[in-house]
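Please walk me through this model in the viewer, one selection at a time, and tell me what I should find at each stop.

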Amino acid sequence: MKKLVIFDLDGTLLNTIDDLGEATNHALRSLGYPTHALSVYPGYVGNGVRRLMERALPDSEATPEIVGAMLERFKEYYDEHGCDRTVPYPGIRELLLRLSDADVNLAVASNKYQKAVEAIVPHFFPEVHWAALEGQKQGVPEKPDPSIVFEILTKCPTAKADVLYVGDSGVDIETARRACVDNVGVTWGYRPARELREAYADRIVDTPAEIFDIVQSGSPL
């Protein structure tokens with residue numbers, strides 16, 4: 001049985017896309033730029049908030065100065081409204097509680113900035129004990145760099161063979177592969193199953209219940 005499950009956050013545990021889109025549109029609007037339909041934002045997320053700002057801006061406007069101003073306005077809005085329309089995916093809460101009851105350690109590895117991770121995860125899962133909540137921090141490279149996984153393993157020492165990484169994107173699968181831990185791609189998030197296959201996911205699942213079976217078996221293969 002796996003002893004530690006590391007979850008991506010956006011698109012894996014929580015459907016955050018409407019709040020991310022609203023906060024980005026607020027930042028765009030406040031600086032006089034056109035906004036986007038919320039339906040385009042799944043293609044913009046996954047590589048951190050700075051990259052989200054760059055993708056949302058017109059190409060010619062994505063200068064470091066403007067991106068910095070966007071980030072400031074985004075965070076001001078998101079810190080206040082990051083839970084307005086966000087919801088856990090069906091079956092996720094039940095999965096987390098089953099894993100906890102089975103004495104499996106749980107962690108989050110997200111490209112969302114640290115303050116938001118620490119606010120949002122306990123808000124939606126107050127009954128869950130987390131071994132580590134890791135978001136984007138200054139000076140630490142974002143996923144798919146595996147540093148965030150190694151940080152979690154520092155806080156929750158676990159043999160890599162006993163770790164499972166769960167995410168919804170090719171970025172997540174590459175992160176797990178670089179960290180040399182088993183991985184599972186989920187189809188309910190923001191990226192198509194094709195992307196997970198092309199990233200060589202060890203396993204692709206359609207429901208949270210399947211993740212528990214994988215953890216119990218000790219292998220996604």
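Select Lys-137 first: in this predicted model, Lys-137 is partly exposed, with a relative accessible area of 28%. Its side chain meets that of Glu-134 in a salt bridge, at 2.8 Å from N to O. Add Glu-134 to the selection and colour both residues by accessibility, and the two partners separate into classes, because Glu-134 has a relative accessibility of 2% and counts as buried, whereas Lys-137, at 28%, is partly exposed.

This pair belongs to a wider set, since the structure holds 15 salt bridges in total. Next, select Lys-112 and Asp-10, whose side chains meet in a salt bridge of 2.8 Å, again given from N to O. This pair links distant parts of the chain, with Lys-112 lying in strand E4 (residues 105–113) and Asp-10 in the loop between strand E1 (4–7) and strand E2 (14–15), 102 residues apart. Both Lys-112 and Asp-10 are buried, so a surface drawn under the cut-off of 20% relative accessible area would class the two of them together.

Move on to Arg-93 and Glu-127, which form a salt bridge in which the closest N and O atoms are 3.2 Å apart. Here too the pair links distant parts of the chain: Arg-93 sits in helix H4 (residues 92–101), while Glu-127 is in the loop between helix H5 (114–124) and strand E5 (132–136), 34 residues apart. Arg-93 is partly exposed, at a relative accessible area of 28%, and Glu-127 is likewise partly exposed, at 41%. Before leaving the charged side chains, select Asp-8, Lys-143 and Asp-172 together, which are linked in a network of salt bridges.

Keep H4 on display and add helix H9 (residues 208–217), whose axis comes within 8 Å of the axis of H4 and crosses it at roughly 20°. The two helices are therefore roughly parallel to each other, and H4 passes H9 in a right-handed crossing. To show the side chains that make the contact, select Ile-92, Leu-95, Arg-98 and Leu-99 of H4 together with Pro-208, Ile-211, Phe-212 and Val-215 of H9. Coloured by class, this contact has seven nonpolar, no polar and one charged residues.

For a second helix pair, turn to helix H2 (residues 49–56) and helix H3 (residues 64–81), which pack at an angle of about 115° with their axes 9 Å apart. H2 and H3 are therefore roughly perpendicular to each other, and their crossing is right-handed. On the H2 side, select Val-49, Arg-50, Leu-52, Met-53 and Glu-54, which meet Val-67, Met-70, Leu-71 and Phe-74 in H3. The residues of this contact divide into seven nonpolar, no polar and two charged.

The last stop is Ala-199, in the loop between helix H8 (193–198) and strand E8 (204–205). Is Ala-199 buried or exposed? At 16% relative accessibility, Ala-199 counts as buried. Leaving aside neighbours within four places in sequence, select Gly-170, Ile-173 and Arg-177, with which Ala-199 is in contact. A distance label drawn between the C-alpha atoms of Ala-199 and Val-171 should read 8.2 Å, for two residues that are 28 residues apart along the chain.

Conventions:
Residues numbered from 1 in each chain as written. Predicted model: local features only at pLDDT ≥ 70, side-chain atom pairs only at ≥ 80, totals over all residues. Heavy atoms only, no water. Salt bridge = Lys/Arg side-chain N within 4 Å of Asp/Glu carboxyl O. Helix = DSSP H or I, 4+ residues; strand = E, 2+ residues; numbered from the N terminus. Buried < 20%, exposed > 50% of the residue type's maximum accessible area, 1.4 Å probe, protein only. Axes fitted to C-alpha atoms, helices over the stretch in contact; angles between N-to-C directions. Parallel < 35°, antiparallel > 145°, perpendicular 65-115°, else oblique. Left-handed = near helix turned anticlockwise from the far one by under 90°. Contact = heavy atoms within 4.5 Å. Nonpolar A, V, L, I, M, F, W, Y, C, P; charged D, E, K, R; others polar.
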